[in-house]
Amino acid sequence: MKHEQIDGTPAALVELARLLGVDTSFCGWDGVERPIESRTLRGVLTALGVAAGTGVEIESSLAEQRLAPWRRLLPPSVVIREGSEFELPVHARQGSATSVWIIAEDGARFEVPQHGDAGETRDVDGRPVSRLAFTIPTGLPLGWHTLHADDDGRTGEAVLVVTPARLRTPWLAAGRRDWGLMAQLYSVRSSRSWGIGDFADLGDLAAISGSQYGAGFVLVNPLHASEPAPPVEPSPYLPSSRRFFHPLYIRVEDVAEYAYLPAEARSVVEALAARQHPANLNVDRLDRDSAYAAKLTALEAIHEVPRSPARAQQFDTFRAEQGQGLSDFALWCALSERFPVDAAEWSIEPRGPQGPFAAAHRDGLAGRVEFHSWLQWLCDQQLETAQRAATDAGMSIGIMHDLAVGVQTTGSDAWTLRDVLAQGMTVGAPPDMFNQQGQNWSQPPWHPGRLAESGYAAYRDMLRSILRHAGGLRIDHILGLFRLWWIPAGGGPGEGTYVHYDHEALIGILALEAQRADAIVIGEDLGVFQPWVRDYLAERGIFGTSILWFERDNGVPVPPEHYRQQCLTSVNTHDLPPTAGYLAGDHVTLRESLGLLGRPVAEERESDRAEQATMFAAVRERGLLPTTEDGPALPVQQTVEALYAYTALTPSLLLGVALVDAVGERRTQNQPGTTDEYPNWRIPLAGPDLDLVLIEDLPANPRFAALVRAITP
């Protein structure tokens with residue numbers, strides 16, 4: 001078949017890409033529609049497992065994609081909303097007696113009646129196949145069920161997930177407003193920390209902010225697992241695994257077996273702690289590697305202490321509950337201790353925990369597998385304790401976790417979940433106003449087709465793990481559950497394209513698992529997005545995110561009453577300097593020094609001053625700043641409090657207070673577009689004059705108290 005070219009791209013290639021949910025053009029932040037190059041489309045299709053190198057391959061792939069559903073008795077998986085009638089397509093051999101039924105989570109059986117006569121019929125591999133319509137009953141309970149079908153002896157089954165039409169939790173039903181802290185846990189230390197904030201510090205931070213200041217939640221950075229031993233990746237948004245947690249955050253002294261250490265071993269652990277405690281007073285730079293190395297040495301000693309029968313049983317139960325996923329993660333940790341990421345052994349096919357490389361070492365590394373499983377059990381226990389401390393302090397939500405967009409290409413998830421990840425691709429973002437060169441986050445994306453084929457098991461297990469001891473979950477770049485910017489390996493951020501996902505399935509499963517955990521969900525819906533996405537998320541009960549500096553309409557600050565109610569509203573985000581630094585233009589100075597500006601620095605500063613001036617005018621109109629003075633001329637803390645007071649005028653049910661703003665910190669935590677050019681994620685918590693701030697200082701911190709008064713009646 002002959003096809004015409006479209007903007008230099010063969011029409012058949014365009015058709016194939018669109019059939020697979022791959023965009024062939026995109027609208028940039030400047031509103032200009034740009035076509036996607038053919039080589040990008042071919043690369044993305046190849047990563048999806050679809051041949052598209054030549055015209056013949058494209059034609060063959062088109063035919064195969066159109067025929068693929070007809071070769072299956074049932075779809076790979078089905079995700080529906082509760083109470084809705086769903087017409088299930090079943091592709092049965094013509095003339096056969098076909099039956100469909102459901103086995104629910106609790107073992108109950110539901111018959112699925114056929115709806116009308118056979119529809120369209122096609123020849124599939126020399127045999128006529130008819131598309132039959134069956135109607136899934138509306139009264140199914142929420143949960144994970146199994147669809148079964150029989151076509152005169154040819155059987156099939158598929159995962160059926162019934163999800164909430166709208167996320168419901170006790171907090172959402174109460175319709176109350178809450179404010180909470182937004183904190184980078186690693187930077188929030190106490191005198192008992194080992195140089196890095198930990199789970200015990202999280203519990204104390206929640207207890208102080210909840211009982212003394214009336215906070216309803218503490219939102220922390222992702223606590224995902226990193227490398228199993230130093231050196232570790234400093235960015236919490238580039239983890240090894242999103243399902244498991246970072247043992248760096250374990251408070252060694254809170255492990256029950258610590259109390260039973262033999263005298264000599266206890267002396268060793270106490271000496272390690274004594275060497276690490278001075279790091280809590282370092283206000284310049286955090287040293288994760290030193291803290292982690294010391295903790296691992298201490299934890300290995302504690303691991304040798306026999307557990308009581310009750311503790312042994314609890315550990316066994318945890319391992320059984322976490323199943324093969326924990327075993328595979330722990331095996332990766334053990335292998336990574338022995339083989340560096342560039343070792344040839346990792347490339348042996350088939351890769352992953354079921355391959356020969358893993359099988360050859362699983363038995364010999366059983367002890368280390370048990371140790372790394374034990375570390376995850378400790379993380380789980382200490383997170384449970386932190387959440388209990390939060391709710392005991394009166395928090396209505398408690399700990400709110402953060403889910404990163406993806407994982408390292410050489411990490412645990414990339415190895416254990418490679419069957420449901422797209423190979424040869426990383427995700428990122430096209431150029432936009434704030435990142436004018438685009439972004440490559442160096443993370444492999446979910447493969448949409450294989451994720452559905454697997455019944456979304458890996459996605460579900462990840463959500464269940466992170467929600468076990470949480471009252472809320474923030475989804476970083478929630479737009480990635482709708483579409484992700486895929487970048488072929490070796491290409492720049494601008495050489496990618498958007499690949500679409502079954503958002504109805506991904507958002508539905510998210511709502512189901514959150515509802516079962518009584519947790520609210522906040523989506524970080526900033527940046528370039530399709531206009532209908534926010535409405536869809538609101539319909540499903542998912543909160544959005546509003547950042548004061550970004551809420552503008554034709555350059556004018558949005559009036560507070562026009563903000564969304566179902567939203568977490570704050571003045572800033574971790575990708576901007578603390579508000580004191582932002583007011584001083586530190587973000588412009590930093591980006592200029594790093595060569596990240598796309599225009600002359602003078603223009604950037606003028607634009608920034610003009611943007612701030614319009615915001616100060618809006619704040620003055622509400623009587624929150626004196627009308628006779630410009631905002632920048634006022635004391636910085638007064639201006640910060642006024643900006644937060646402006647957010648309190650919105651109807652948003654959640655208000656976020658950055659801990660760095662509460663104590664007067666000015667330094668940027670993270671500068672997007674950089675790695676080692678700036679010490680991202682390594683800045684300890686300090687005050688305006690680089691005076692150290694520990695958790696013990698927070699109850700008497702006057703800035704903290706004043707900022708809370710600015711947003712509360």
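# Exercises on a predicted protein model

The 60 positive and 91 negative charges of the protein have mean positions that lie 1 Å apart, where Lys and Arg count as positive and Asp and Glu as negative, with His and the chain ends not counted, and where each charge is placed at NZ of Lys, CZ of Arg, CG of Asp or CD of Glu. The model is predicted, and local features need pLDDT of at least 70, side-chain atom pairs count only at pLDDT 80 or more, and totals for chains, interfaces and linings use all residues. Residues are numbered from 1 along each chain as its sequence is written, and side-chain values use heavy atoms, with hydrogens and water left out.

## Exercise 1: the overall fold

Task: State how many helices and strands the protein has, and compare its radius of gyration with that of a compact globule.

Solution. Begin with the secondary structure, which comes to 21 helices and 28 strands; helices (H or I, at least four residues) and strands (E, at least two) are DSSP runs, numbered from the N terminus. Next, take the radius of gyration over C-alpha atoms and apply the globule rule, 2.2 Å times the number of residues to the power 0.38. Because the chain has 713 residues, the rule gives a value near 27 Å, and the 27 Å of the protein agrees with it. The C-alpha atoms fill a box of roughly 80 × 65 × 50 Å along the principal axes. Finally, turn to contacts (heavy atoms within 4.5 Å): of those between residues at least 6 apart in sequence, 73% join residues at least 24 apart.

## Exercise 2: burial and the nonpolar cores

Task: Determine what percentage of the residues count as buried, and which residues touch the most other members of the largest nonpolar core.

Solution. Buried means under 20% relative accessible area, exposed over 50%, and partly exposed in between (1.4 Å probe, protein chains only). On that scale, 57% of the 713 residues are buried. A nonpolar core is a set of buried Ala, Val, Leu, Ile, Met, Phe, Trp, Tyr and Cys residues joined through side-chain atoms within 4.5 Å. The largest core has 184 residues, of which W179, W374, Y459, W486, L510 and L659 touch the most other members. For W374, once neighbours within four places in sequence are left aside, the contacts are V255, L299, I302, H303, R307 and F315. A second, separate core holds 19 residues, including V90, V112, A158 and V162.

## Exercise 3: two loop residues and their distant partners

Task: For L73 and E105, decide whether each is buried or partly exposed, and find which residues each one touches.

Solution. L73 sits in the loop between α3 (55-67) and β5 (77-81), and it counts as buried because its relative accessibility is 5%. Not counting residues up to four places away in sequence, L73 touches P89, V90, H91, A92, A149, D150, D151, R154, T155 and G156. E105 is found in the loop between β7 (98-103) and β8 (109-112), and its relative accessible area of 41% makes it partly exposed. Beyond its neighbours within four places in sequence, E105 is in contact with L142, G143, W144, H145, R464 and R516; the C-alpha atoms of E105 and G143, 38 residues apart along the chain, are separated by 6.7 Å.

## Exercise 4: a contact across the sequence

Task: Locate A165, and find how far its C-alpha atom is from that of R540.

Solution. A165 belongs to the loop between β12 (154-163) and α4 (170-174), and counts as partly exposed because its relative accessibility is 28%. Although A165 and R540 are 375 residues apart along the chain, their C-alpha atoms are separated by 6.2 Å. With neighbours within four places in sequence left aside, the contacts of A165 are R81, E82, E539 and R540.

## Exercise 5: backbone geometry

Task: Identify which peptide bond is cis, and describe the surroundings of S442 and N554, both of which have a positive phi.

Solution. Most residues other than glycine have a negative phi, and most peptide bonds are trans. The bond from P230 to P231 is cis, with omega near 0°, and P231 lies in the loop between β15 (224-225) and β16 (241-245). S442, which is not a glycine, has a phi of about 55°; it lies in the loop between β19 (439-440) and α12 (448-453) and is partly exposed, at 36% relative accessible area. N554, also not a glycine, has a phi of about 55°; its loop runs between β25 (552-553) and β26 (556-557), and N554 counts as exposed because its relative accessibility is 78%.
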